[in-house]
Amino acid sequence: MSLKLYFLRHGETTASLTGAYCGRLDLELTPSGHEMAEDFAKLYRDLPWTAVFCSPLKRTLATAKPLCEPLGLEIHKRDGLKEIYYGKWEGKSPEEVNREFHDEYVRWLADPGWNAPTEGEKGIDISRRSSEVLEEIEHTYLSGNILIVSHKATIRIMLCYLLGIDVGRFRDRIGMPVASVSIVELATHGPLVHVMGDRSHLREDLRKRIGT
């Protein structure tokens, strides 16, 4: 049996609805966000889980809870799985950021791997801290199913790390809808993608919600 990583982006928040930048702002899930977490748990509860790793923010923990609590699965919290820190952009819309921090915003859009939001984190910083969690998992577990509950940018950056994609292209190459699942098998010849950004576990009315 191989090692499979299930990357789950947290459920809907008010920021995912509006498109505001939300990294370290510790938002709760919306009612629909809680329903998304329940839908994931319903479909995936019968999978034999080996371990669960999670960002320590409220929205990720609340997304993991419906699966983990009934099954008695311990949630391993890791700071390395936190979302990108947007610095002075936190809570602002892209339009506001463009007006207030235009030059830095343009540089970040061009290459978020090596340019940071004002007083925030570069993509390469997130890659370093999140890859440490991936290395911990790979060194600890030889096989099994590992759930990793994290955030939009952080999951995309981890996938870039695993698949050999330039981290500066994480916003251009990989989509990651709210409450979506991506599955990567650490196979004999390296990481193998089975699923990317899937939301088929959500009921139809929730899938129709755009959520960025």
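**Exercise 1. Name the residues that are linked with Glu121 in a network of salt bridges, and state how many salt bridges the whole structure holds.**

Step 1. A salt bridge requires a side-chain nitrogen of Lys or Arg within 4 Å of a carboxyl oxygen of Asp or Glu.
Step 2. Arg24 and Arg129 are linked with Glu121 in such a network.
Step 3. A search of the whole structure gives 13 salt bridges.

The structure is a predicted model, in which local features need pLDDT of at least 70 and side-chain atom pairs count only at pLDDT 80 or more, whereas totals for chains, interfaces and linings use all residues. Residues are numbered from 1 along each chain as its sequence is written, and side-chain values use heavy atoms, with hydrogens and water left out.

**Exercise 2. Describe the salt bridge of Glu69 and Lys65, including where the two residues lie.**

Step 1. The N to O distance between the two side chains, Glu69 and Lys65, is 3.9 Å.
Step 2. Both belong to helix H3 (residues 58–71), and because they are four residues apart there, about one helical turn separates them. Helices (H or I, at least four residues) and strands (E, at least two) are DSSP runs, numbered from the N terminus.
Step 3. An α-helix has 3.6 residues a turn, so residues three or four places apart point the same way.
Step 4. Accessibility is classed as buried under 20% relative accessible area, exposed over 50%, and partly exposed in between (1.4 Å probe, protein chains only). Glu69 is exposed at 57%, and Lys65 is partly exposed at 44%.

**Exercise 3. Determine which parts of the chain are tied together by the salt bridge of Glu136 and Arg78, and which by that of Lys88 and Glu119.**

Step 1. Glu136 and Arg78 form a salt bridge of 2.8 Å, N to O. Glu136 is in helix H6 (residues 123–140) and Arg78 is in the loop between strand S3 (75–77) and helix H4 (94–100), so the pair ties together parts that are 58 residues apart in sequence.
Step 2. Glu136 is partly exposed at 27% relative accessible area, and Arg78 is partly exposed at 24%.
Step 3. Lys88 and Glu119 form a salt bridge of 3.4 Å, N to O. Lys88 is in the loop between S3 and H4, and Glu119 is in the loop between helix H5 (102–110) and H6, so this pair ties together parts that are 31 residues apart in sequence.
Step 4. Lys88 is partly exposed at 43%, while Glu119 is exposed at 57%.

**Exercise 4. Compare the span of helix H7 with its expected value, and explain why H7 is described as largely enclosed.**

Step 1. The expected span of a helix is 1.5 Å times one less than its number of residues. For the twelve residues of H7 (residues 152–163) this gives 16 Å, which agrees with the 17 Å between its end C-alpha atoms.
Step 2. Nine of the twelve residues are buried, so H7 is largely enclosed by the rest of the structure. Among them are Ala153, Ile155, Met158 and Leu162.
Step 3. The buried residues of H7 pack against strand S1 (3–9), H6, strand S4 (144–150), helix H8 (170–173), strand S5 (181–187) and strand S6 (190–198). Packing rests on contact, that is, heavy atoms within 4.5 Å.
Step 4. Gly164 follows H7 and has a positive phi, near 75 degrees.

**Exercise 5. Describe how helices H2 and H3 pack, and identify the residues that meet.**

Step 1. Helix H2 (residues 31–44) packs with H3 at an angle of about 35 degrees, and their axes are 8 Å apart. Axes are lines fitted to C-alpha atoms, for helices over the stretch in contact, and angles run from 0 to 180 degrees between N-to-C directions.
Step 2. His34, Ala37, Glu38, Phe40, Ala41 and Tyr44 in H2 meet Ala62, Thr63, Pro66 and Leu67 in H3.
Step 3. The contact of H2 with H3 comprises seven nonpolar, two polar and one charged residues. In this classification Ala, Val, Leu, Ile, Met, Phe, Trp, Tyr, Cys and Pro are nonpolar, Asp, Glu, Lys and Arg are charged, and the others, Gly among them, are polar.

**Exercise 6. Is Ser130 buried or exposed, and which residues does Ser130 contact?**

Step 1. Ser130 is in helix H6.
Step 2. Ser130 is buried, at 1% relative accessibility.
Step 3. Apart from neighbours within four places in sequence, Ser130 is in contact with Gly80, Thr154, Ile157 and Met158.
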